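User: I would like to go through this model in short questions and answers. Please keep the reasoning brief.

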Amino acid sequence: ETWRDRGHRILAATVRRELAKENAAWAEALDEHALLDPLLVACTSQSPPAMALSQCTWGLLPPGLRAHALRVKAFEDGRVLLPGLGVFEAVAPEATVTVRMVEGAPRLDEYPEARVCPLPEVEGLSVYPHRHPFLRPFIERHGDHYACTRVSEATRHNVGALAEALRLLASTDRCLHAELLRDTRLVIILEHRAVPSMAVLPFHGAVLLSVRGHESPLFFVEELVLHGSRVTFSKVIADWPAFLAVPYPTPLRALGVDDHDPRCVGDAFHGNYALMRTLMAFESLLDHSVLRGHFRHELLGRIALALHRFGEGLSLVDHPGLYTEQGLVLHRAMSGTHARLLGRLGGLLRVLDVADQPAVFEYQRFLARNPR
């Protein structure tokens, strides 16, 4: 927690510096919570940004410090986003309009009947249920897929399973659930086969969860914890030289441990933490939930696969020379957790076949090799 809180301050200070380049008064006025709004983080990290910084900060500023009137621009879908406040809808696509406060509420001069709608929440977690330009650079890391990535339909089809996942976490692991809601501030559900789930530092606080149709609640337990833990760990090792004795981007190939793993040392370290937290969530579900039938069978398969991958991930970076004293404490703690879980749940690796699983667990494929 001490390392996480220190990293939180480091990341907030980084965004404050970037914002101060545009407007020192805005940077001074925003508190740490507002500074780490995921949409503002994305706006300050993108070049060019998906929207003007003035529009991105207007709703995050204290009301008395907002400009009386501000020219803002709608996205291509006719929505005007004001981070911190919500979204105006039914505006002309890419139109420029004027927002001002009228009787304590934001209004658009050109659309006086329009009302700002807060982003919807699912069990206390904000969800952005539409495709928007902030996503473009992250989607297009994997190809020219932005225009055909589905968000609205994917969200509508899966919001119930997401809610059930959060309820399962709240009832079985309150500490993990609280950590998730503290550090993860925005969920975006999307669908495109070529675009993976992700949590990336330039969109810190957001998790992008890539679905393949209608997913199960256990899919969302795994993806939320896996990528929400990456958000938390980004804060833990924000000052990565305090944990790693080699540069964060050092390729695993340079260690001679796996010529086929494209990750760097820092990402592998990050991934091991996320797998540890995911397995801890699964363990709590196994002990305290009322999962029965195919849901319990699915949980056992997910545990077996995550346990196998956790062991492999630890072995790739099991070199004391990679770490500082603090980093070695973390690595050894993860190794200790793996040993405990292996002692308790390792039998699943002997009786369940997960050898053909792709990057994201597929229950039907698991069921074919492991009938109930």
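User: Where is Ala 90 found?
Analyst: This is a predicted model. Strand β3 covers residues 86–88 and strand β4 covers 96–102. Ala 90 sits in the loop between β3 and β4.

User: What is phi of Ala 90 near?
Analyst: Most residues other than glycine have a negative phi. Ala 90 is a residue other than glycine, yet its phi is positive. The value is near 60 degrees.

User: Is the peptide bond from Ser 47 to Pro 48 cis or trans, and what is omega near?
Analyst: Most peptide bonds are trans. Pro 48 belongs to the loop between α4 and α5 (53–58). The bond that leads into Pro 48 from Ser 47 is cis, with omega near -5 degrees.

User: How are α10 and α11 oriented to each other?
Analyst: Two packed helices are described by the angle between their axes and the distance between the axes. For α10 (residues 265–288) and α11 (residues 293–316), the axes are 9 Å apart and the angle is about 150 degrees. Angles over 145 degrees count as roughly antiparallel. Therefore α10 and α11 are roughly antiparallel.

User: How does the contact of α10 with α11 divide into nonpolar, polar and charged residues?
Analyst: The α10 side includes Leu 275, Met 276, Leu 279 and Phe 282. The α11 side includes Leu 299, Ile 303, Phe 310 and also Arg 296, Arg 302 and Arg 309. The division is 13 nonpolar, 2 polar and 3 charged.

User: How are α7 and α10 oriented to each other?
Analyst: Helix α7 spans residues 152–172. Its axis and that of α10 come within 9 Å and cross at roughly 75 degrees. The range for roughly perpendicular is 65 to 115 degrees. Therefore α7 and α10 are roughly perpendicular.

User: Which residues meet in the contact of α7 with α10?
Analyst: By class, this contact has 4 nonpolar, 3 polar and no charged residues. From α7 come Leu 168, Leu 169 and Thr 172. Their partners in α10 are Ala 281, Ser 284, Leu 285 and His 288.

User: How are α7 and α8 oriented to each other?
Analyst: Their axes come within 6 Å and cross at roughly 130 degrees. In the contact, Leu 166, Leu 169, Ala 170 and Thr 172 of α7 meet Arg 174, Leu 176, His 177 and Leu 180 of α8. By class there are 5 nonpolar, 2 polar and 1 charged residues. The crossing angle therefore makes α7 and α8 oblique.

User: Which residues are closest to the centre of the largest pocket?
Analyst: The pocket has a volume of about 1,600 Å³. Helices α9 (217–236), α10 and α11 each supply at least two lining residues. Of the 50 lining residues, the closest to the centre are Ser 197, Leu 226, His 227, Arg 230 and Arg 263.

User: How many residues of the lining of the largest pocket are charged?
Analyst: The lining divides by class into 25 nonpolar and 10 polar residues, plus the charged group. Arg 230 and Arg 263 are among the residues closest to the pocket centre, and Arg counts as charged. The charged residues number 15.

User: Which residues lie nearest the centre of the second largest pocket?
Analyst: This pocket holds about 410 Å³ of space. Its lining has 13 nonpolar, 6 polar and 4 charged residues. Elements that each supply at least two of them include α4 (38–45), β2 (80–82) and α8 (174–183). Nearest the centre are Asp 37, Gly 84, Leu 119, Ser 126 and Arg 185.

How values were computed:
Residues are numbered from 1 along each chain as its sequence is written. This is a predicted model: local features need pLDDT of at least 70, side-chain atom pairs count only at pLDDT 80 or more; totals for chains, interfaces and linings use all residues. Side-chain values use heavy atoms; hydrogens and water are left out. Axes are lines fitted to C-alpha atoms, for helices over the stretch in contact, and angles run from 0 to 180 degrees between N-to-C directions. Helices (H or I, at least four residues) and strands (E, at least two) are DSSP runs, numbered from the N terminus. Angles under 35 degrees count as roughly parallel, over 145 as roughly antiparallel, 65 to 115 as roughly perpendicular and the rest as oblique. Contact means heavy atoms within 4.5 Å. On a 1 Å grid over the protein atoms alone, a cavity is a set of points where a 1.4 Å probe fits but cannot get out, and a pocket is an open set with protein on both sides within 12 Å along at least five of seven lines; lining residues have an atom within 4 Å of a point. Grid points are joined across faces, edges and corners, and a volume is the space filled by probe spheres set on the points.
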